[in-house]
Structure formats: C-alpha cells, structure tokens
Amino acid sequence: MSNLPLISFETILNEIKQYLKPSELETVSKAYELAYIAHVNQERKTGEPYIQHPLYVSLTLAKMRLDADTLAAAFLHDIVEDTPNTLADIKAKFGGHIAGLVDGVTKLDAIDQKTGFINQIYARLGLTDKPLSSQERRLESLRKMLLATSKDIRVVLIKLADRLHNMETLIGMSPEKQQALALETLEIYAPIAYRLGIGTIKGRLEDLSFAILEPAKYLSLKKRVSHEAANREHQVEKARRVILTALTKAGIKAEIHARVKHLYSLHRKLMRYKNDLSKVYDLVACRIVVDTVEECYQALGIIHKRWKPVEGRVKDYIASPKPNGYRSIHTTVKAVENRPIEIQIRTKEMHEQAERGVAAHWQYSEEKGTINYLRRRASRARQQDLSWVNELAKWQRQITNHKDLDALMKIDFFGDRIFAYTPKGEVIDLPLGATPIDFAYAIHSEIGNHLLGARVNGKMIRLQDQLRSGDVVELSVSKRSEPKPDWLNEAKTSYAKALIRRHLRTKKQ
Ligand code: MN
C-alpha cells in the first residue's frame, strides 16, 4: 500500500462544486461513474483499487481549478489503454472535446511506453563520450517535443498530475523501474512543470524523484533540516504577527503564512552555498499576499522601515518577472533576534499564478487550452510572457505531420533560438541575435552588471557581437566595470535591457 489515504468521489466533488456549474458537475460525475465501472476489478501495483489513481489525478487538477472537460478526461485517461472501452465509446458518451483530451494522453503514454521512449532517451544520452552540453540540449528538445506533441496543453497538465500520482505510488515496482521513472520525472517532467509555471507540482515531482535517486542524501538532508526548519518556522511566526499588525495599521489587508523550501531545491542551493545551511535564508520564507501591486511596494517599505534589509537581497520580480512568468518581491531582512529571514510579497493573482501557472488562465477563455489562445495571451501580457508558449505554437505546426520518433528527434525545434554554453557546459537558451551581454545577464544580474569582456570558443569578441548556437562563452568581469547606455541597443533580451536600465537609473540617483 502507498502512504496516501483512500479517497472517494466526494473529495473531488467538494473541490469542484466551489467553481463548476451544475451541468459541469454532472459531466464529471458521469466520467467518474464510467471510470469506476471500467476499472472495477483492477488493482494498482500497490494493492489499492485502481479507481484511486484517476481519483487522485482528478483531485490534483481540481485543486488547480481546471475545467470540467479536463477533469472528465482525467477520470477516463487510462480506460482506453487498460479496459475494453474505446475512444469511440468515449466520444459517443462525452463528445469530441473530452475524447480529444483522452486521446492526447493515451498517445503521450504510447510514445512513452510502447516505443520504449525512456530507454531511447537514455540510450541516446547515456553515451559517456558525449559532452554534457549535448545531453542537456537533447533533454531540452525532448521536453519541448513532449509539449509540442500534445495539441492541447491540458493534455500535458493531465500527464503531469498522472505522473505525480505514479511517483507517489512507486511501491510495488522493481527498483530499476522506479529509478527510470524518477530520472525521467526529474529531467523531463519537473522542468516542464517549471516552465509552465506550476510551482506546486514541480516541487513535489522533484522531491519524489530525489528520494528515489539519492535515498541516502535525501534522508540525511531531511533529518538535517527538520530541526532547523522548526526553529525558523517559529521565528517566521513571530515575524508574521509583527508584520500583520504593521500592515493592518497601514490599512493593508494581507494573508501571511510560512512556506518551507522543498528538499530538492534546497539540496541544489546547498551545493551552491558550500553546504552551509545558515546561508540559506529562504529555508522557511514568510509569504505575504495582498490585494494590489501598490500594496506590495507599500508592504516592502513598511517592512524595510522596521527591519534592516540584507544588502543585495531585494529582488523585484514584479518589475522583472522570471522567464516562466513568476512575479513577487523578495527581500531578506534581519528580523526577530536580528536573524535573517526571507520575505516574499505578491498579490493574490500572482500567488495563484505561481501555484498554478498556465492553469491559472483557464476558466476565463472560450478557447481554453489552445496554443493560439495562450500565445495571444502571452503577447498581450508582455510582463507574464510565457515565451515557451510562443515557441510551442511553431513546433506544433512543424511536427503535426510526423509520427516517427526519429524524425521528430531530427527536427530543428529551435528556429529562432540559440543555445550557447558556459565553459562548464551549462546551456544558456537565448533568442537569435543575442550578444555576450544577454548571456551574462542570463547567468546572473551581477555578472551582467560587471561584465568586462567575452571570449567565444577561445577568441576575444566584442560585447556587441552576436552569439551563435554551440558557442562556448567565457566571460570576464571586473568590480569596476559597469553597464553603459550603449548596452541597451546591444542587448537583445528584454530581461537584460530591464536590468541595464535599472542599473543606469540607480547610478543617476
Ligand atoms: Mn494513469
């Protein structure tokens, strides 16, 4: 048995009746009933009734507030594969939209399993004489391919929820199969969840994979942080009360809670901080959710007035969102007992988006999951630019006519993107025409702000020269070097431009 409690349709109903119409509830119930009957004598490898699987997949999606079609398809996603029901039956009973989603999930599974997709990936990647960069590039194209082969992003969301439950119920599978699934999850699915901005699923997928792939490291880290986290939660709770009082006094309505960092992302951060836990200020962060953007900045002012901010730790992802659309203000302050804690400030809308990513856009549109809808949305809202979505639309056009995996692998997915490498082989994904300035800012704002020169494949080039795919870019920095106004014309990405502009502005003051 897995560690998850058995749930019933009631649990789903309690979630969805908060946001679906009665007729939509009817559709989801009908799908549940069909799934229940179809899987009635089946068991999961964990020994639980099979229906627990579609129930959990739907629950995850219901928590993301996805529409009735997605939830119905989630209930039906395994019945074409594993029961006598056909796609035509589903189409007859539920219509083309739901059948289309079920078909999409079934096809993705087919690529995954029948062609030995995962084995092919690792056969291709496993070649130890290949440099890391080419592996990374392959993985990137696989992630994109997975997205692009599903005509509707909701298919990918079902697949992510499906994978989440499978990862939560790995018991009963052979250790080899567990390892393979965990590796695929960590390298393909978690990054997709991240790119689509779905923070909750990304963190859980990573932690579940981490526990399988590096059990000793996982357990020791878990043990190591549990005491420290409890300690810091206590501090955050004290800070929470102080902030709440101060904000209320200023007439700002806020919800404040503590969030504990996921273990895998902590593990990665610790590797960057020489394993020094005391340097990880956001192990437990204090999250403030307010109504408006103005209140975000007001709250920041109120907090900085009360507690001294740690220098260089204020990050305004509202003015400069992360590439996946993430927005919030982060700051670290010396709060209770003068100990640093990270504070994250955002509006309700930003919070929703950080948790649910692309799923947050759904219920507002007629066209729903279509790439065209998302693309239009992305171009309308520059700030939240889901640049991946723009690219997806292009790849979809390119590959809809290809069925063969090998053919897919050879397609140049990247059109107007280039991939340049750090000397360590890390891939930096940039638009065509990008320069060393973009490269520098893509690595870190401080590297951009102190960029002095660049070597490409061992040769010095000028900062305004364009990079090409495959270039290995080595940067030199100097404390005294800083952004020049010309850089605004020489940088290609809006991200670099925003940071240059910001630096030039602060210089003037
Ligand atoms: Mn499934």
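Which helices do the buried residues of H23 pack against? The points below address this and other features of the structure, which is a predicted model.

1. Packing of helix H23. The buried residues of H23 pack against three elements: helix H20 (436-443), helix H21 (445-449) and helix H22 (487-490). The residues concerned are Ala 496, Leu 499, Ile 500, His 503 and Leu 504. Viewed down the axis of H23, these buried residues fall within an arc of 135 degrees, so they line one face of the helix. The face turned away from the buried side of H23 carries the exposed residues Ser 494 and Lys 508.

2. Dimensions of helix H23. This helix comprises residues 494-508, 15 residues in total. From its first C-alpha to its last, H23 reaches 21 Å, which is close to the 21 Å expected at 1.5 Å a residue.

3. A position in helix H22. Asn 489 lies in helix H22, one of the helices that the buried residues of H23 pack against. Is Asn 489 buried or exposed? Asn 489 is exposed, because its relative accessible area of 68% is over the 50% cut-off for that class. Asn 489 and Gln 464 are 25 residues apart in sequence, and their C-alpha atoms are 8.7 Å apart in space.

4. The manganese site. Which residues coordinate the manganese ion? Coordination is provided by His 53 (NE2), His 77 (NE2), Asp 78 (OD) and Asp 162 (OD), at 2.2 to 2.4 Å. Along the chain, the donors of the manganese ion follow the spacing H-x23-H-D-x83-D. The pair His 53 and His 77 links distant parts of the chain, the two residues being 24 residues apart. His 53 belongs to helix H3 (residues 52-63), whereas His 77 is in the loop between helix H4 (68-76) and helix H5 (79-82). Both His 53 and His 77 are buried.

5. The largest nonpolar core. This core has 60 residues, and those with the most contacts inside it are Leu 61, Phe 75, Leu 76, Leu 157 and Leu 160. Helix H10 (residues 153-168) gives the most to this core, contributing nine residues. Leaving aside residues up to four places away in sequence, Leu 160 touches Tyr 189, Ala 193, Ile 198, Ile 201 and Leu 205. In soluble globular proteins, nonpolar side chains tend to be buried together.

6. The second core. A separate core of 37 residues is also present. Its members include Leu 221, Ala 239, Ile 256 and Ile 341.

Note on methods:
Residues numbered from 1 in each chain as written. Predicted model: local features only at pLDDT ≥ 70, side-chain atom pairs only at ≥ 80, totals over all residues. Heavy atoms only, no water. Helix = DSSP H or I, 4+ residues; strand = E, 2+ residues; numbered from the N terminus. Expected span 1.5 Å × (residues − 1). Buried < 20%, exposed > 50% of the residue type's maximum accessible area, 1.4 Å probe, protein only. Arc of directions from axis to C-beta. Contact = heavy atoms within 4.5 Å. Donors = N, O, S within 2.8 Å, 3.2 Å for Na, K, Ca; no water. Core = buried A, V, L, I, M, F, W, Y, C linked by side-chain atoms within 4.5 Å.
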